[in-house]
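Let's walk through this structure together, starting from the inside and working outwards. Keep the sequence and the 3D view open side by side as you read.

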Amino acid sequence: MDNISLRLVNFKCYQDQSFILNNLTLLTGANAVGKSSLIQSLLLAKAAIENDITENFSDVLLRDRDRAFDFGLADMLINRNSQSDKAEIIIDGNEFYFSLRDNVPPYHLQMYKKISSTLSADYIK
């Protein structure tokens, strides 16, 4: 597998941060610096790929017992210091984004996608 480029914009603790992930990437650091947030961004992107409603749109459950995750409500995913209500997860140029303006039931997230290359859930393991 080649390196994966990941960029998080207004996602949880990240205002605009880029990462390069390798076959083996170790996340280390003090408590509450964003290690889990980085992993959660990948889980959300994977869920968006698996739950296609249309080519450009997915409905993602933020509380999913089958996947053993609970992200809480959508507003907890937006960076607190951001002036925007939109967050983006960009993986190798493939964009996943959501906005708090969307009228969705609690614990749901409308993920919009701009996929520029063939991307499958297996790509994000």
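Bear in mind that this is a predicted model. A good place to begin is the largest nonpolar core, which has 28 residues; among them, Leu6, Leu44, Ile89 and Leu109 touch the most other members. Six elements each give two or more residues to this core: β1 (4-11), β2 (14-21), α1 (35-50), β7, β8 and β9. The largest share comes from α1, with seven residues.

Pick out Ile89 to get a feel for these surroundings. Leaving aside residues up to four places away in sequence, Ile89 touches Leu6, Arg7, Leu8, Phe11, Ser41, Leu44, Ala45, Asn94, Glu95 and Phe96.

Now step back to the sheet. Seven strands make up an open sheet with antiparallel pairing, and reading across gives the order β2-β1-β7-β8-β9-β4-β3. Why do β2 and β3 (52-54) each have one side without a neighbour in the sheet? Both stand at the edges and have a single partner strand each, so there is nothing in the sheet to flank the other side. On average, neighbouring strands here are turned by 20° against each other, direction ignored.

Within that order, β7 and β8 are joined in the antiparallel sense over six bridges. You can find one such bridge by locating Glu88, whose partner in β8 is Tyr97. The helix α1 packs on the sheet, where it touches β1, β2, β3, β4 (57-61), β7, β8 and β9, and its direction makes about 100° with that of β1.

Let's finish with the charged side chains, which form three salt bridges. In one of these, Arg7 meets Asp16 with an N to O distance of 2.7 Å. Arg7 is partly exposed at 32% relative accessibility, and Asp16 is also partly exposed, at 46%.

Arg63 and Asp70 form another salt bridge, at 3.1 Å from N to O. Here Arg63 has a relative accessible area of 41% and is partly exposed, while Asp70, at 45%, counts as partly exposed too.

Finally, Arg101 forms a salt bridge with Asp85, and their closest N and O atoms are 3.0 Å apart. Arg101 sits in the loop between β8 (94-99) and β9 (108-114), and Asp85 in the loop between β6 (69-70) and β7 (86-91), so this pair ties together parts that are 16 residues apart in sequence. Is Arg101 buried or exposed? Its relative accessibility is 70%, so Arg101 counts as exposed.

Notes:
Residues are numbered from 1 along each chain as its sequence is written. This is a predicted model: local features need pLDDT of at least 70, side-chain atom pairs count only at pLDDT 80 or more; totals for chains, interfaces and linings use all residues. Side-chain values use heavy atoms; hydrogens and water are left out. A salt bridge is a side-chain nitrogen of Lys or Arg within 4 Å of a carboxyl oxygen of Asp or Glu. Buried means under 20% relative accessible area, exposed over 50%, partly exposed in between (1.4 Å probe, protein chains only). Helices (H or I, at least four residues) and strands (E, at least two) are DSSP runs, numbered from the N terminus. A nonpolar core is a set of buried Ala, Val, Leu, Ile, Met, Phe, Trp, Tyr and Cys residues joined through side-chain atoms within 4.5 Å. Contact means heavy atoms within 4.5 Å. Two strands pair if DSSP finds at least two bridges between them. Axes are lines fitted to C-alpha atoms, for helices over the stretch in contact, and angles run from 0 to 180 degrees between N-to-C directions.
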